[in-house]
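Work through the exercises below with the sequence and the model at hand. Each task is followed by a stepwise solution.

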Amino acid sequence: MNGREKELARAFFNANQRFSQMDSKARYFGTAHRLSLAEIHLIDYIGYHTECFANDIARDLGVTKGAVSQTMRRLVELGYIVRTPDVQNKSRLLLSLTAEGERAFLEHQKYHQEIERYFAQLIETYSQEEYEKTLQLLQRLEGIFEQGL
């Protein structure tokens, strides 16, 4: 690897690390409580998949059922989600957002929109070719990371 490639790789790793540090901090999403990354992502999932089950969340987010149950329990206690028995299968609990959970969901969407606005400002001066090359690089990296290197 030459100096140019190392410089680009290092810049990517540094930016990714800084973003991960920033994004993983517990924060308020228009709520009375600071919510962890796991908590807001569970709220986010339920917001997009109204009336879902813990098994669905675990499968789709690639986490254990135990992790979902633990996070779900805390969010129920804090008043962000409610569990109701499934009318078709009483052993399953249907998850949905409360008004406070809906507020957190909407504020989380705003948070992502704000990040997207910053990103748009960064690339607004890119030519079409620069944009396409950058997009191609990021998509390739995503594919590599998805496969686990």
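**Exercise 1.** In which segment is the place of asparagine 2? Classify its exposure and list its side-chain contacts with backbone nitrogens.

Solution. The model is a predicted one.
- Step 1: Asparagine 2 sits in the segment before α1.
- Step 2: Its relative accessibility is 40%. Partly exposed covers the range between under 20% (buried) and over 50% (exposed), so asparagine 2 counts as partly exposed.
- Step 3: The asparagine 2 side chain reaches the backbone nitrogen of arginine 4 at 3.0 Å. A polar atom of that side chain also lies 2.7 Å from the backbone nitrogen of glutamate 5.

**Exercise 2.** Describe the largest pocket by volume, lining and contributing elements.

Solution.
- Step 1: The space in the largest pocket is about 1300 Å³.
- Step 2: Its lining has 29 residues, and Phe12, Ala15, Phe119, Thr134 and Leu138 lie nearest the centre.
- Step 3: Two or more lining residues come from each of α1 (3-23), α5 and α6 (128-147). The largest share, 11 residues, is from α1.
- Step 4: Sorted by class, the lining holds 21 nonpolar, 3 polar and 5 charged residues.

**Exercise 3.** Describe the largest nonpolar core, then follow leucine 75.

Solution.
- Step 1: The core has 21 residues, and Leu75 is among those with the most contacts inside it, as are Leu35, Leu42, Ile43, Ile46, Ile57 and Ile81.
- Step 2: Two or more residues each are given by α2 (37-48), α3 (54-61), α4 (65-78), β2 (93-97) and α5 (99-123). The most, 5 residues, come from α2.
- Step 3: Leaving out residues up to four places away in sequence, leucine 75 touches Leu35, Glu39, Leu42, Ile43, Tyr80 and Ile81.

How values were computed
Residues are numbered from 1 along each chain as its sequence is written. This is a predicted model: local features need pLDDT of at least 70, side-chain atom pairs count only at pLDDT 80 or more; totals for chains, interfaces and linings use all residues. Side-chain values use heavy atoms; hydrogens and water are left out. A nonpolar core is a set of buried Ala, Val, Leu, Ile, Met, Phe, Trp, Tyr and Cys residues joined through side-chain atoms within 4.5 Å. Buried means under 20% relative accessible area, exposed over 50%, partly exposed in between (1.4 Å probe, protein chains only). Helices (H or I, at least four residues) and strands (E, at least two) are DSSP runs, numbered from the N terminus. Contact means heavy atoms within 4.5 Å. On a 1 Å grid over the protein atoms alone, a cavity is a set of points where a 1.4 Å probe fits but cannot get out, and a pocket is an open set with protein on both sides within 12 Å along at least five of seven lines; lining residues have an atom within 4 Å of a point. Grid points are joined across faces, edges and corners, and a volume is the space filled by probe spheres set on the points. Ala, Val, Leu, Ile, Met, Phe, Trp, Tyr, Cys and Pro count as nonpolar, Asp, Glu, Lys and Arg as charged, and the others, Gly among them, as polar. A polar contact is a pair of N or O atoms within 3.5 Å; within protein, one must be able to donate a hydrogen and the other to accept it, and residues adjacent in sequence count only if both atoms are side-chain atoms.
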